[in-house]
Amino acid sequence: MLRGKSRLNVEWLGYSPGLLLDDGPPPPGRTPRNPIRNEGSLASTLKTLLFFTALMITVPIGLYFTTKSYVFEGAFGMSNRDSYFYAAIVAVVAVHVVLALFVYVAWNEGSRQWREGKQD
């Protein structure tokens, strides 16, 4: 049997020896977790992470070479050295935009899942 501070911490988390041994319905105010919803949210989170990982790799590299060749050297007629510099700036800005989009999507996805969990 847990005594003292450890017992309080375990009960605060929602696990007490009585709850672990009970096979009956949960007490009012406590809802059992739905493993299907957790797997769906995990899959959604993984898809989002993989999508933004692919964006983080392809967008800055693609923009770097595209802007260097076609925009700065082709359209603006800059030297090779100057085009490297400005294309690198474009790639760094692209990295920051992708990161900001990832944070925005992750924030909204987390708040959406939280709202769905609260409505149950």
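This passage describes the fold, the side-chain pairings and the surface of a predicted model.

The secondary structure of the protein consists of four helices and zero strands. Read from the N terminus, the order of elements is therefore simply α-α-α-α, as the helices are DSSP runs numbered from that end. Two of these helices recur throughout what follows: H3, which spans residues 35–75, and H4, which spans residues 80–119. Of the 120 residues in the protein, 12% are buried. The exposed area of the protein is about 9700 Å², and 66% of it is supplied by carbon and sulfur atoms. Among contacts with a separation of 6 or more, 52% join residues that lie 24 or more positions apart.

A convenient place to begin the tour is Ser83, a residue of helix H4. Ser83 has a relative accessible area of 0% and is therefore classed as buried, the limit being under 20%. Once residues up to four places away in sequence are set aside, Ser83 touches Lys68, Phe72, Glu73 and Met78. Two of these partners, Lys68 and Glu73, are joined to each other by a salt bridge, with the closest N and O atoms 2.6 Å apart. In general, side chains of opposite charge can pair when their charged atoms come close. The count of salt bridges in the model comes to one. The two partners differ in their class of exposure: Lys68 counts as buried because its relative accessibility is 9%, whereas Glu73, at 28%, counts as partly exposed. Lys68 has an aromatic partner as well, for its charged end sits over the ring of Tyr84, 4.4 Å from the ring centre.

Aromatic side chains provide the next theme. A pair of aromatic rings is described by the distance of the centres and the angle of the planes. The structure holds six aromatic pairs. In one of them, the rings of Phe51 and Phe52 have centres 5.3 Å apart and planes at 80 degrees, so this pair is edge-to-face. Phe51 is partly exposed, because its relative accessibility is 47%, while Phe52 is buried, with a relative accessible area of 9%. The pair formed by Tyr64 and Phe65 is likewise edge-to-face, since the ring centres are 5.0 Å apart and the planes meet at 85 degrees. Tyr64, at a relative accessible area of 18%, falls under the 20% limit and so counts as buried. Elsewhere, Phe72, Phe76, Phe85 and Tyr86 make up one aromatic cluster. Phe72 also appears among the residues touched by Ser83.

Further along the chain, Phe102 offers a view of how distant stretches of sequence meet. Phe102 is found in helix H4 and is partly exposed, because its relative accessibility is 28%. With neighbours within four places in sequence left aside, Phe102 is in contact with Thr48, Leu49 and Phe52. Phe102 and Leu49 are 53 residues apart along the chain, yet their C-alpha atoms are separated by 8.2 Å. Thr48 belongs to helix H3 and is buried, given a relative accessible area of 14%. Beyond four places in sequence, Thr48 touches Val105 and Glu109 in addition to Phe102. Phe52, another contact of Phe102, is the buried member of the edge-to-face pair with Phe51 described above.

Helix H4 also contains His96. His96 counts as exposed because its relative accessible area is 52%, over the 50% limit. The C-alpha atoms of His96 and Pro60 are separated by 9.6 Å, although the two residues are 36 positions apart along the chain.

Finally, the surface carries a nonpolar patch formed by Phe85, Tyr86, Ile89, Val93, Val97 and Leu101, with about 530 Å² of accessible area together. Phe85, one member of this patch, lies in helix H4. Phe85 and Tyr86 have a part in two of the features described here, since they belong to the patch, whose residues each have over 30% relative accessible area, and also to the aromatic cluster with Phe72 and Phe76.

Definitions and conventions:
Residues numbered from 1 in each chain as written. Predicted model: local features only at pLDDT ≥ 70, side-chain atom pairs only at ≥ 80, totals over all residues. Heavy atoms only, no water. Patch = residues over 30% accessible without salt bridge, like charges linked within 9 Å, V, L, I, M, F, W, Y side chains within 5 Å. Areas by Shrake-Rupley, 256 points an atom, 1.4 Å probe, with all protein chains shown as cover. Salt bridge = Lys/Arg side-chain N within 4 Å of Asp/Glu carboxyl O. Helix = DSSP H or I, 4+ residues; strand = E, 2+ residues; numbered from the N terminus. Buried < 20%, exposed > 50% of the residue type's maximum accessible area, 1.4 Å probe, protein only. Contact = heavy atoms within 4.5 Å. Phe/Tyr/Trp six-rings, centres within 6.5 Å; stacked < 30°, edge-to-face > 60°. Lys NZ or Arg CZ within 6 Å of the ring centre and 35° of its normal.
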